[in-house]
Amino acid sequence: MSAPDRTFTVRHVQLLRALFAAASALMITFSSDHSAAVGFAVFGGFVAASGFVLILGAWQSVPAGSRWPFILLAVIDLLAAITSGIPTWRTDGIFFIVVIIWAAASGLVELIAGLRARRTDPTAKDAITVGALGLVLAVVLLIIPADYSLQYSVEGAGALTLSGIILAVGMVGGYTAIVAVFLAIAGFSPRREAAQKDAETVDAASAPVETGGAA
């Protein structure tokens, strides 16, 4: 999955995905409206942007034999984005359905891709973690009842309602925040290949000196 000698690398894919995830997390965090319409708008923008980044990454950052995870993830993201953009489908129940299916499908694909490449690709552990986070999101949303409603009051604010959709949109915001931080760290972390190349360069430079000294 990695291609360290390319101009646009997996590192750039990770950083762009982190950027869009962070933007989504901020929009949800600072929005007072956690309705299905707002949740779909933010989620749809996030998966659409991620899908295009993955398409670009598939053709620019990885060799032909390793493109299938990027392409499959892009298809899943873009299908979720198209579904999120249908106005008549922006209901609480469909939000749960769409996000759960997306999180389970994309999480499973990324987890499998990471596990398959873990012995040959240093970025595989990042894919494993992001895939696992997607599956966790799917499980959490499955636990939350779509029709959940809790009435409570806060002094100075009056009566308030905590609903299932508010929790669901909040969980999506939490997921994107964690993914943003993790992918940003992964994207800025030095790669194992670079360290190996530096070591090989040092060894190659010191080898003639050592040989000359021994002679």
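In the predicted model, F46 and W102 are both buried, and these two residues offer a convenient entry point to the packing of the helices. The predicted chain has 215 residues, of which 39% count as buried. Seven helices and two strands make up the protein, and their order from the N terminus is α-α-α-α-α-β-β-α-α.

The aromatic side chains are considered next. A pair of aromatic rings is described by the distance of the centres and the angle of the planes. Four aromatic pairs are counted in the model. In one of them, F43 and W102 meet edge-to-face, with 5.2 Å from centre to centre and 80° between the planes. Because F43 belongs to helix 2 (residues 36-60) and W102 to helix 4, this pair ties together parts that lie 59 residues apart in sequence. F43 has a relative accessible area of 2%, and since buried means under 20%, F43 is counted as buried. The value for W102 is 6%, so W102 counts as buried as well. The rings of F46 and W102 also form a pair, with centres 6.2 Å apart and planes at 75°; because planes over 60 degrees apart count as edge-to-face, the pair is placed in that class. Here too distant parts of the chain are linked, F46 being in helix 2 and W102 in helix 4, 56 residues apart. Through ring pairs, F43, F46, W102 and Y175 are joined into a cluster.

Helix 4, which carries W102, also packs against other helices. Two packed helices are described by the angle between their axes and the distance between the axes. For helix 4 (residues 92-117) and helix 5 (residues 124-143), the axes come within 7 Å and cross at roughly 155°. Since angles over 145 degrees count as roughly antiparallel, helix 4 is roughly antiparallel to helix 5. The contact between helix 4 and helix 5 comprises 19 nonpolar, four polar and one charged residues, and helix 4 passes helix 5 in a left-handed crossing. With helix 6 (residues 164-188), helix 4 packs at an angle of about 30°, the axes being 10 Å apart. Because angles under 35 degrees count as roughly parallel, helix 4 is described as roughly parallel to helix 6. The crossing of helix 4 with helix 6 is left-handed.

Charged side chains were examined as well. Side chains of opposite charge can pair when their charged atoms come close. Two salt bridges are present in the structure. One of them joins the side chains of R17 and E110, with a distance of 2.9 Å from N to O. This pair links distant parts of the chain, as R17 lies in helix 1 (residues 10-29) and E110 in helix 4, 93 residues apart. Both R17 and E110 are buried. A salt bridge is also formed by D126 and K125, whose closest N and O atoms are 3.5 Å apart. D126 has a relative accessible area of 4% and is therefore buried, whereas K125, at 49% relative accessibility, counts as partly exposed.

Taken together, helix 4 recurs throughout this description: W102 of helix 4 pairs with F43 of helix 2, E110 of helix 4 is joined to R17 of helix 1, and the axis of helix 4 crosses that of helix 5 at roughly 155°.

Conventions:
Residues are numbered from 1 along each chain as its sequence is written. This is a predicted model: local features need pLDDT of at least 70, side-chain atom pairs count only at pLDDT 80 or more; totals for chains, interfaces and linings use all residues. Side-chain values use heavy atoms; hydrogens and water are left out. Axes are lines fitted to C-alpha atoms, for helices over the stretch in contact, and angles run from 0 to 180 degrees between N-to-C directions. Helices (H or I, at least four residues) and strands (E, at least two) are DSSP runs, numbered from the N terminus. Angles under 35 degrees count as roughly parallel, over 145 as roughly antiparallel, 65 to 115 as roughly perpendicular and the rest as oblique. A crossing is left-handed if the near helix is turned anticlockwise from the far one by less than a right angle, and right-handed if clockwise. Ala, Val, Leu, Ile, Met, Phe, Trp, Tyr, Cys and Pro count as nonpolar, Asp, Glu, Lys and Arg as charged, and the others, Gly among them, as polar. Rings of Phe, Tyr and Trp (its six-membered ring) pair if their centres lie within 6.5 Å; planes under 30 degrees apart count as stacked, over 60 as edge-to-face and the rest as tilted. Buried means under 20% relative accessible area, exposed over 50%, partly exposed in between (1.4 Å probe, protein chains only). A salt bridge is a side-chain nitrogen of Lys or Arg within 4 Å of a carboxyl oxygen of Asp or Glu.
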